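User: I'm new to reading protein models. Could you walk me through this one, feature by feature?

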Amino acid sequence: MTAAVKIAGAPISWGVCEVPGWGFQLEPDRVLTEMRGVGLTATELGPEGFLPTDTEELKSVLAQHELACVGGFVPVVLHKADHDPADDLAGPLDSLVAAGAGVVVLAAATGADGYDSRPVLDESQWATLLTNLDRLAGIVADRGLLAVLHPHVGTMVETRAEVDRVLAGSTIPLCLDTGHLLIGGTDPLELAKAVPQRIAHTHLKDVDAALAAKVQSGELSYTDAVKAGMYTPLGTGDIDIAAIVRILRDNGFDGWFVMEQDTILEGAPGGDGPLADVRASVAYLNSVTG
């Protein structure tokens, strides 16, 4: 029997991002009001500082907008032997627990701002990263939540070889981010078919493959490609979103389909702004899951 479909939004679709200088940042009230207005009933929290850090305030804001909290994206440095990522996880984890979230979406941060470059790890650093992944997953589980690892452009787990290394060297489930996987060189549909049992959460993105190829070749930085519209409304790009959703559901996936369309705003948008694309993605996802 196929599990019920759980669809959520994310503030990044409104241009809200943790990277310094990432365009104009909309106020939470507009983002959450518009999210609820298109029929979404759940969201990821967005970057630290977007919503209140005080747990009672956070719960109040979500309740005012009639939104449940799915989880949150938490980039942490995992590969440095002299750094304890549990310290960086503590605050976001407290917020997610208080908000009633179920998922902590970890990313293997480089330690630098942005996603346009990254170092190469040696064997010792890889061993530290993999050990920390399982350790943090245990810390999260002790609080009643599930940790997943998000392969992400410009982090230490970006390419297919790096994804395979995580699959072989740790037990943490994955967040299948269709866009970041494609840009990093992994066919997200093929990965969904190969390891459906390791996928516990999703970020559904559609992508203009021509712009993604320019990122892969070094012709464009990741940030410039996002500015150029590399991410598109679901169903309008080059990723077979419908097939990915079908494969996961056929294999018993009961996690969240979080819709994301990373965007960079130059200023306060007039009219609908990002809402128009979000509305189109909601309609598309409803059409392929109904």
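Analyst: Sure, we'll go from the domains to their interface and then to a few charged side chains. Keep in mind that this is a predicted model.

User: Let's start with the domains. Which residues belong to each domain?

Analyst: The domain assignment gives two here: domain 1 covers 37-155 and domain 2 covers 173-289. Their centres, taken over C-alpha atoms, are 19 Å apart. On the contact itself, domain 1 puts in 17 residues and domain 2 puts in 22 residues.

User: And how do I judge an interface? What is the area buried between domain 1 and domain 2?

Analyst: The general idea first: interface size is often quoted as the accessible area lost when the parts come together. In this model, domain 1 and domain 2 bury about 1600 Å² between them, and carbon and sulfur atoms give 74% of that.

User: Which strands build the side of domain 1 that touches domain 2?

Analyst: β2 (42-44), β4 (103-109) and β5 (146-149) each bring at least two residues to that side of domain 1. The largest share is from β5, with four residues. Sorted by type, the residues on this side are 13 nonpolar, two polar and two charged.

User: How many salt bridges and polar contacts cross the interface of domain 1 and domain 2?

Analyst: The rule finds zero salt bridges across it. It does find eight residue pairs in polar contact there, both residues being at pLDDT 80 or more.

User: So where do salt bridges turn up, and what's the general idea?

Analyst: Generally, side chains of opposite charge can pair when their charged atoms come close. The count for this model comes to 14 salt bridges. Take one inside a helix: the side chains of D164 and R160 meet, N to O, at 2.9 Å. Both residues lie in helix α5, four residues apart, which is about one turn of the helix.

User: Why do D164 and R160 count as partly exposed?

Analyst: Partly exposed runs from 20% to 50% relative accessible area. D164 is at 33%, so it falls in that range, and R160, at 23%, does so too.

User: Which salt bridges link distant parts of the chain?

Analyst: One of them joins D177 and K205, at 2.3 Å from N to O. D177 sits in strand β6 (residues 174-177), while K205 is in the loop between β7 (199-204) and β8 (206-207), 28 residues apart. K205 also pairs with E260, at 2.5 Å. E260 lies in the loop between β10 (256-259) and α11 (275-289), 55 residues from K205. Salt bridges with shared partners tie D177, K205, E260 and D262 into one network.

User: Are the residues D177 and K205 buried or exposed, and what about E260?

Analyst: D177 and K205 are both buried. K205 counts as buried because its relative accessible area is 1%, and E260 counts as buried because it is at 9%.

User: One last residue. What does the side chain of E158 make a polar contact with?

Analyst: It pairs with the side chain of R118, at 3.3 Å. A polar atom of the E158 side chain also lies 2.8 Å from the backbone nitrogen of G154. E158 itself is in the loop between β5 and α5 (160-169), and it counts as buried because its relative accessibility is 16%. Leaving aside residues up to four places away in sequence, E158 touches R118, H152, V153 and G184.

Conventions:
Residues numbered from 1 in each chain as written. Predicted model: local features only at pLDDT ≥ 70, side-chain atom pairs only at ≥ 80, totals over all residues. Heavy atoms only, no water. Domains from an automatic or database assignment. Contact = heavy atoms within 4.5 Å. Buried area = accessible area lost by both parts, 1.4 Å probe. Salt bridge = Lys/Arg side-chain N within 4 Å of Asp/Glu carboxyl O. Polar contact = N/O pair within 3.5 Å; in protein donor to acceptor, adjacent residues only side chain to side chain. Nonpolar A, V, L, I, M, F, W, Y, C, P; charged D, E, K, R; others polar. Buried < 20%, exposed > 50% of the residue type's maximum accessible area, 1.4 Å probe, protein only.
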